[in-house]
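This briefing introduces a protein chain to a reader who is new to structural description. Please keep the sequence and the structure in view while reading.

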Amino acid sequence: MIRLITDFDGPIVDVSERYYRVYQICLEKTRTVNQQVKQLPKDEFWQMKRLRVPEKQIAVNSGLDEAQANEFASLRKKTVHTDPYFQYDCLAPRAVDALSKIQQAGIDLAVMTMRRVRELDYAFKKFDLAKFFPENRCYCLSNDYVKTRDTDDKPLLMARAMTELPPAIDTWMVGDTEADIISAQKQDIKMIAVECGIRDRSQLELYHPNFIVKDLSTAVDLVLERSKAAQ
């Protein structure tokens, strides 16, 4: 059996609009009544996120002072993963076709995400994705999990998956962040990083994934191609 484990936000769901809406709201809430600020256009904001520009620097670039930047960063952290804003997420282009293709090929498919159970359930219902991921192939955080850092939390999820999932001849991981890459490397799993998420190529290259490709669809084609070659 061949297995593909995919991250959710990035490869499957585009979160850029949610992040941008939260940026706009936090900027508005942090500025003073008559203060002139410079709201960044979405493309510029998202490029900063993909380059891992710190939240405080994004705030300063938007016209806030240092104290306000700290307030902005704190508010943004508290807000971005709260329920009212998940409605702004949308499906990544070609993601559903890619999931269908991998399922039809008979490859075992699992999802691994830093979303909580209720957040993943919401997206599954909204985008009709539960058909791709049975409950025993979903690895996410419990609703009451206290997050630390993704680079610490996600490897724990991966370690759990490796003990619970049936043995596979070959396992691949697809993701868009350093947490995905580190999780795969710690378990000696082949890692495909995708450029369609919250890190650009230069940031992904720092962590040395096995491959960097455009999106989930391209990653699926790569897995299928390699699988055929190995048979």
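The points below move from the chain as a whole to selected helices, loops and single residues.

The model is predicted. Its chain contains 10 helices and 8 strands. The radius of gyration is 18 Å, close to the 17 Å that the globule rule gives for 231 residues, so the chain is as compact as a globular protein of that length.

**The chain as a whole**

- Along its principal axes, the C-alpha trace spans about 65 × 35 × 30 Å.
- Of the 231 residues, 50% count as buried.
- Among contacts with a separation of 6 or more, 69% are between residues 24 or more positions apart.
- The accessible surface amounts to about 11400 Å², and carbon and sulfur atoms account for 51% of that surface.
- The chain carries 34 positive and 35 negative charges, and the mean positions of these two sets are 1 Å apart.

**Helix α8 and its surroundings**

- Helix α8 covers residues 178-186, and 7 of its 9 residues are buried, so the helix is largely enclosed by the rest of the structure.
- The buried residues of α8 are Glu178, Ala179, Asp180, Ile181, Ile182, Ser183 and Ala184.
- These buried residues pack against two helices, α7 (150-164) and α9 (201-205), and against two strands, β6 (170-175) and β7 (190-194).
- At the N-terminal end of α8, Thr177 acts as a cap, with a side-chain oxygen 3.3 Å from the backbone nitrogen of Ala179.
- Just after α8, Asp188 adopts a positive phi of about 60 degrees.

**Helix α2 and the loop that follows**

- Buried residues in α2 (42-50) include Phe45, Trp46, Met48, Lys49 and Arg50.
- The cover over the buried residues of α2 includes α1 (16-30), α3, α4 (66-79) and α9.
- Arg52 follows α2 and lies in the loop between α2 and α3 (55-61).
- The phi of Arg52 is near 65 degrees, which is a positive value in a residue other than glycine.
- With a relative accessible area of 38%, Arg52 is partly exposed.

**The loop between α9 and β8**

- Tyr207 is located in the loop between α9 and β8, and His208 is found in that loop as well, with β8 covering residues 211-213.
- Tyr207 has a relative accessible area of 25% and is therefore partly exposed.
- His208, in contrast, is exposed, with a relative accessible area of 61%.
- His208 is not a glycine, yet its phi is positive, at about 55 degrees.
- Leaving out residues up to four places away in sequence, Tyr207 touches Arg52, Glu178, Ile181, Ile182 and Gln185.
- The contact with Arg52 includes a polar one, in which the side chains of Tyr207 and Arg52 come to 3.2 Å.
- Tyr207 and Ala193 are 14 residues apart along the chain, and their C-alpha atoms are separated by 9.8 Å.

**Three buried residues**

- Ile198 is found in the loop between β7 and α9, and its relative accessible area of 11% makes it buried.
- Not counting neighbours within four places in sequence, Ile198 is in contact with Tyr19, Trp46, Lys49, Arg50, Asp176 and Thr177.
- Trp46, Lys49 and Arg50 are among the buried residues of α2, while Thr177 is the residue that caps α8.
- The C-alpha atoms of Ile198 and Ile102 are 23 Å apart, and the two residues are separated by 96 positions along the chain.
- Asp108 belongs to strand β4, which covers residues 108-116.
- Asp108 counts as buried because its relative accessibility is 13%, and buried means under 20%.
- Beyond its neighbours within four places in sequence, Asp108 contacts Met1, Ile2, Arg3, Leu4 and Arg137.
- Gln68 lies in helix α4 and counts as buried at 8% relative accessibility.
- With residues up to four places away in sequence left out, Gln68 touches Thr30, Arg31, Thr32 and Gln35.

Definitions and conventions. Residues numbered from 1 in each chain as written. Predicted model: local features only at pLDDT ≥ 70, side-chain atom pairs only at ≥ 80, totals over all residues. Heavy atoms only, no water. Helix = DSSP H or I, 4+ residues; strand = E, 2+ residues; numbered from the N terminus. Rg over C-alpha atoms; globule rule 2.2 N^0.38 Å. Buried < 20%, exposed > 50% of the residue type's maximum accessible area, 1.4 Å probe, protein only. Contact = heavy atoms within 4.5 Å. Areas by Shrake-Rupley, 256 points an atom, 1.4 Å probe, with all protein chains shown as cover. Lys, Arg positive; Asp, Glu negative; His and termini not counted. Charge placed at Lys NZ, Arg CZ, Asp CG, Glu CD. Polar contact = N/O pair within 3.5 Å; in protein donor to acceptor, adjacent residues only side chain to side chain.
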